[in-house]
Amino acid sequence: MNFNYLYLILITTVLSASEIQPALQWGENVTGIVTHFHSESKAIALTFDACGGSPKSSQYDEKLIEFLIDNRIPATLFINARWIDSNPDIFIQLAHNPLFEIANHGTAHKPLSTEGKSIYGIQGTTSEAEVIAEIEGNNGKIFALTGKHTHFFRSGTAYYDEKAVAIAREHGMEIGGFSVLGDAGATFSAQKVTQQLLSARSGDIVIFHMNHPEGGTREGLIEGVNTLLKEGFTFVRLSEVKEHLIRIP
Ligand SMILES: [Zn+2]
């Protein structure tokens, strides 16, 4: 065995070791996820997921959106490709309303893993290629329908590993995490939703759902937003604070 051959074996071993380096983190709060923004004023970002994939999950809380429109409350809407397919006309209306920013809630609503991890019994993506497909599939759909690029991504279940987050950021996407759990998948009572929203402080990002009109989200949100308005809070879309984002180190 000559020196060159040994060297080749060494290099190949080092390279494959780095390729199979497992992800170290798995969750809603891993390195690189945006959870807050810096703000000099009393500003909060409201975000709403629309998940799709079943008749129940493809619903539209029209009265919630009407409340936002009537009160000129801006919001970021994280919309999944399957929800768009079930609600094409509503999607176009929302995308053309300047009050709202359309963001990407995934193509197949999968947790974003580089190695096939699962959460809540939902199988995550299994490779870098699948991570990219989960992001770019819906980005392409949204661009084809609206001519607009999205800048924020939130996976189905909002779970990630840090390698998947890094891949998303390499593809120009910020990961829209959150600092206040607004409705826990629309499972909270109206009272609990209000309580959660009123715990928000300046620079917080709050997560809700706009696809479960049967839950407590709408009623609790209206109560909470009305109180925050009286307290002098304003609301922002995530792109408005793009220069002031705070990410998990
Ligand atoms: Zn979802």
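In this predicted model, I175 sits in strand β10. With 24 other C-beta atoms within 10 Å, I175 clears the cut-off of 20 and so counts as buried. Leaving aside residues up to four places away in sequence, I175 touches G32, I33, V34, F153, R154, Y160, V165 and A168. A long-range pairing shows up here too: I175 and T35 are 140 residues apart in sequence, yet their C-alpha atoms are 8.7 Å apart in space.

Two of the contacts of I175, V165 and A168, lead straight to helix α6. This helix spans residues 162–170, and its buried residues are K163, A164, V165, I167 and A168. The cover over those buried residues includes strand β10 (174–175), along with α5 (128–146), β8 (152–153) and β9 (160–161). Just after α6 comes G172, which takes a positive phi of about 85 degrees.

How do α5 and α6 pack? A pair of packed helices is described by the angle between their axes and the distance between the axes. Here the axes of α5 and α6 come within 10 Å and cross at roughly 55 degrees, which makes α5 oblique to α6. The crossing is right-handed. On the α5 side the contact is made by E128, V131, I132 and I135, and on the α6 side by A164, I167 and A168. Sorted by class, that gives six nonpolar residues, no polar ones and one charged one. The α6 residues in this contact, A164, I167 and A168, are also among the buried residues of the helix.

A second helix pair, α2 and α8, gives another geometry. The axes of α2 (residues 62–70) and α8 come within 9 Å and cross at roughly 15 degrees, so the two helices are roughly parallel to each other. This crossing is left-handed. From α2, the residues K63, L64 and F67 meet T217, R218, L221 and I222 of α8. By class, the contact has four nonpolar, one polar and two charged residues.

Helix α2 has its own sidedness. Its buried residues are L64, I65 and L68, and they lie on the same side of α2 because they cover an arc of only 95 degrees around the axis. Part of that pattern is plain helix geometry: an α-helix has 3.6 residues a turn, so residues three or four places apart point the same way. The face of α2 turned away from the buried side carries the exposed residues E62, K63, E66 and D70. K63 thus appears on that exposed face and also in the contact with α8. Over the buried residues, the cover includes β4 (75–79) and α8. After α2 comes R72, whose phi is positive, near 55 degrees.

Helix α8 turns up again around α7. In α7 (residues 190–198), V193, T194, Q196 and L197 are buried. They cover an arc of only 165 degrees around the axis, which puts them on the same side of α7. What covers them includes α8 (217–230), β11 (180–181) and β12 (205–209).

Strand β12 is also the place of H209. Buried or exposed? H209 is buried, with 25 other C-beta atoms within 10 Å. Its contacts, not counting residues up to four places away in sequence, are F48, D49, D183, G185, A186 and T217. One of these, T217, belongs to α8 and takes part in the meeting of α2 with α8. H209 also comes up in connection with α2: H209 and L64 are 145 residues apart in sequence and 9.9 Å apart in space, C-alpha to C-alpha.

Finally, two loop residues have backbone angles worth a look. Most residues other than glycine have a negative phi. H109, in the loop between β5 (100–104) and β6 (118–119), has a positive phi near 60 degrees. Y120, in the loop between β6 and β7 (122–123), has a positive phi near 55 degrees. Their surroundings differ: H109 is buried, with 21 other C-beta atoms within 10 Å, whereas Y120 is exposed, with 9.

Note on methods: Residues are numbered from 1 along each chain as its sequence is written. This is a predicted model: local features need pLDDT of at least 70, side-chain atom pairs count only at pLDDT 80 or more; totals for chains, interfaces and linings use all residues. A residue is buried if 20 or more other C-beta atoms lie within 10 Å of its own, exposed if 12 or fewer, and partly exposed in between; C-beta atoms are placed from the backbone. Helices (H or I, at least four residues) and strands (E, at least two) are DSSP runs, numbered from the N terminus. The arc is that of the directions from the helix axis to the C-beta atoms. Two residues are in contact if their C-beta atoms, placed from the backbone, lie within 7 Å. Axes are lines fitted to C-alpha atoms, for helices over the stretch in contact, and angles run from 0 to 180 degrees between N-to-C directions. Angles under 35 degrees count as roughly parallel, over 145 as roughly antiparallel, 65 to 115 as roughly perpendicular and the rest as oblique. A crossing is left-handed if the near helix is turned anticlockwise from the far one by less than a right angle, and right-handed if clockwise. Ala, Val, Leu, Ile, Met, Phe, Trp, Tyr, Cys and Pro count as nonpolar, Asp, Glu, Lys and Arg as charged, and the others, Gly among them, as polar.
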